[in-house]
Amino acid sequence: MRSPLRSFAALAGVAGLLALSSVFACGDSSNGSLFDAGSSSGSSGTSSSGSSGFPDTDGGDDGDDDDAGPPVGSLEAVIRDFKRWDPDGGSGTNPDFENVPAEADRPDGAGTPYYGPWTEATPAYYPGADYAIDIVLPDLGADGKPQYNTAASFKGVAGRTATTHGKAFFDQWYRDTPGMNVVRRVRLTLEKDASGVYSYDSAVSGVPLSPADPRKNFFPIDDGTPHSTEADGFGNQGEAHNYHFTVELHTKFRYRGFETFKFSGDDDVFVFINKKLVINIGGIHSALTREVKLPEVADAIGLEVGKEYPLDFFQAERHVVESNLRIDTTIELVPDVVK
């Protein structure tokens, strides 16, 4: 029987992202790109976006006929696997993974017992957050990684947040750290529908949660798959799925003046456009949704119609028992190799 904590986590539902092709590689993220040889993208099928509210495109050039590499929506990500936290001092574990706040650290006004969520973001990014603390700074770092908010403090402890335990541990999330994480380089695909929306929904294209629960989730590195990390001493760690990993991907696009980017999933998600934070859903929580309409933020983040800009996406899956990821966007994303 699941503990109450896991019973709460089982409510963490909804949506996912990015279809996985059968091309995977082990090792560190400095290995050659999947696209270095100009290989074509794989596809696991089309998922319906159901994305009402997105504008119809004007039928302009969507890049599909571009011979210079993989098509729009065929992206590359680095997935870094972590072990669950061992409070007894097990080596090679990061306290940010499977280590939720204590009962005493429940949000102000929350009842007892409290089993989550532990959403972290200041009201400018997420008004409904349980803890008004930003895990990351609003500008992408010079190395293309999120910068930890060292000015944060939680319950009188400086340099940490409710669900993270300082810069040194956070910096491992998106950096190759021998002994602390192992790396899989993965090709991901967003499918385009008739209205011009590029989508992936793990509820359609993911992995069934269990034989008794056919709902599909985002589990890209489970044991028993070609991209498992079990042989490296990581893997599912006694769970039905591998729940402790981060996703990093870098893409670029030409701004056309109307685009929208919508994300739904769990846990942490940090999206930067033109190196500015535009979606911030930090913390450990059930699936949440945020949307950014580029025309509404264009002046603030320096977008001009017709110019090309980077989009940098960072996600972390840190807690059982579901993993959901979905993107719907009219942005025509093209590959940009993860360094």
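1. Let's start with the overall picture: 54% of the 339 residues in the protein chain count as buried. Keep in mind as you read on that this is a predicted model. The chain's accessible surface comes to about 13700 Å², and carbon and sulfur atoms account for 51% of it.

2. Next, the building blocks. The protein chain has 4 helices and 18 strands. Look at the contacts between residues at least 6 apart in sequence: 76% of them join residues at least 24 apart.

3. Now zoom in on strand β14, which covers residues 276–284. Is it enclosed or open? With 8 of its 9 residues buried, β14 is largely enclosed by the rest of the structure.

4. Which strands pair with β14? One of them is β13 (residues 268–273), which runs antiparallel to β14 over 5 bridges. If you want a spot to check on screen, find V271, which stands opposite I279 in β14. β13 and β14 make a hairpin with 2 residues between them, and N274 in the turn has a positive phi of about 55°.

5. Strand β3 (residues 118–120) pairs with β14 too, in the antiparallel sense and over 3 bridges. Here W118 is the residue to find: it stands opposite I284 in β14. A bit of background: strands of a sheet pair through backbone hydrogen bonds, either parallel or antiparallel.

6. There is also an open sheet of 5 strands, in the order β7-β8-β17-β12-β15, with antiparallel pairing. Its edges are β7 (191–192) and β15 (288–293); each has a single partner strand, so one side of each is left without a neighbour in the sheet. Inside this sheet, β8 (residues 198–201) and β17 (residues 325–329) run antiparallel and are joined by 4 bridges. There, Y198 has T329 of β17 as its bridge partner.

7. Finally, the nonpolar cores. As general background, nonpolar side chains tend to be buried together in soluble globular proteins. Which residues touch the most other members of the largest nonpolar core? Out of its 54 residues, the answer is F261 and F270. Setting aside neighbours within four places in sequence, F270 is in contact with a list of residues including I135, V136, F170, W173, Y174 and F313. That list also includes L277, I279, N280 and G282, so it's worth recalling that β14 spans residues 276–284. Apart from the largest core lies another one, of 9 residues, among them Y114, Y131, I133 and I284.

How values were computed: Residues are numbered from 1 along each chain as its sequence is written. This is a predicted model: local features need pLDDT of at least 70, side-chain atom pairs count only at pLDDT 80 or more; totals for chains, interfaces and linings use all residues. Side-chain values use heavy atoms; hydrogens and water are left out. Buried means under 20% relative accessible area, exposed over 50%, partly exposed in between (1.4 Å probe, protein chains only). Two strands pair if DSSP finds at least two bridges between them. A nonpolar core is a set of buried Ala, Val, Leu, Ile, Met, Phe, Trp, Tyr and Cys residues joined through side-chain atoms within 4.5 Å. Contact means heavy atoms within 4.5 Å. Accessible areas come from the Shrake-Rupley method with a 1.4 Å probe; for residues, only the protein chains shown count as cover.
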